[in-house]
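Student: I should like a close look at a single part of this structure, set in the context of the whole chain. Please give one connected account.

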Amino acid sequence: MKEWRSEAQELRSCYVALNTSARRYLAALTDHLHALGRDEDLRSVRRRLAEVRDLYRDVYAEAQMRVPERVLELAGDLSHDLGVVFGMVRRLDDGVARAGDSPVVVQDSLDALWGRLREARRETRAEPGASRADFGR
């Protein structure tokens, strides 16, 4: 029983880290998009985005080794789409936008990703071992 609780606690910690890092990544993408529309120095915005993206990638890599397949599918889809939006933001920032890259498309994509993150959070909380009740609280 004690071992199961320890494993459940580790899984829950992984879910929390994945959720937190995805939220920070989405926030940094949103901030970067908004900064593109203002006439300002983007160095700090770029640096923050790079830092939170790197952290997210590390947390996601750990999750790939720990979470159940159903959760990994959701996380994988979210990770892929975060990368797509990141690419659009960077191309807009670099002035080399592709057809279909625009601030409006990025904003719509970010709004959809925030919704999908909420959905993924609900799914992870429904997983055995993820809820507080599983820890005897």
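Tutor: The account below begins with the chain as a whole and then turns to its last helix, with a neighbouring element of the sequence for reference. The model is a predicted one.

The chain contains 4 helices and 0 strands, so that the order of elements from the N terminus reads α-α-α-α. Along its principal axes, the C-alpha trace spans about 55 × 25 × 25 Å. Of the 137 residues in the chain, 36% are buried. When contacts between residues at least 6 apart in sequence are considered, 73% of them join residues at least 24 apart. The accessible surface amounts to about 8,200 Å², and carbon and sulfur atoms account for 49% of that area. As for charge, there are 24 positive and 24 negative side chains, with the centres of the two sets 5 Å apart.

Within this chain, the part chosen for a close look is helix H4, which covers residues 103–126. Helix H4 comprises 24 residues, and the distance from its first C-alpha to its last is 35 Å, close to the 34 Å expected at 1.5 Å a residue. Its buried residues are Val106, Leu110, Leu113, Leu117, Ala120 and Thr124.

Thr124 merits separate attention. This residue of helix H4 counts as buried because its relative accessibility is 12%, and the cut-off for a buried residue is under 20%. The side chain of Thr124 also reaches the backbone oxygen of Arg121, at 2.9 Å.

Helix H3, residues 69–94, offers a reference for the same kind of reading. Its 26 residues should span 38 Å at 1.5 Å a residue, and the end C-alpha atoms are 37 Å apart, so the two values agree. After H3 comes Gly95, which has a positive phi, near 75°.

Ser79 is a residue of helix H3. With a relative accessibility of 18%, Ser79 counts as buried, because the value falls under the 20% cut-off. Apart from its neighbours within four places in sequence, Ser79 is in contact with Tyr56 and Tyr60.

To return to the part in question, helix H4 has an end-to-end reach of 35 Å, close to expectation, and Thr124 is one of its buried residues, with a side chain that reaches the backbone oxygen of Arg121.

Terms used:
Residues are numbered from 1 along each chain as its sequence is written. This is a predicted model: local features need pLDDT of at least 70, side-chain atom pairs count only at pLDDT 80 or more; totals for chains, interfaces and linings use all residues. Side-chain values use heavy atoms; hydrogens and water are left out. Helices (H or I, at least four residues) and strands (E, at least two) are DSSP runs, numbered from the N terminus. The expected span of a helix is 1.5 Å times one less than its number of residues. Buried means under 20% relative accessible area, exposed over 50%, partly exposed in between (1.4 Å probe, protein chains only). A polar contact is a pair of N or O atoms within 3.5 Å; within protein, one must be able to donate a hydrogen and the other to accept it, and residues adjacent in sequence count only if both atoms are side-chain atoms. Contact means heavy atoms within 4.5 Å. Accessible areas come from the Shrake-Rupley method with a 1.4 Å probe; for residues, only the protein chains shown count as cover. Lys and Arg count as positive and Asp and Glu as negative; His and the chain ends are not counted. The place of a charge is taken as NZ of Lys, CZ of Arg, CG of Asp or CD of Glu.
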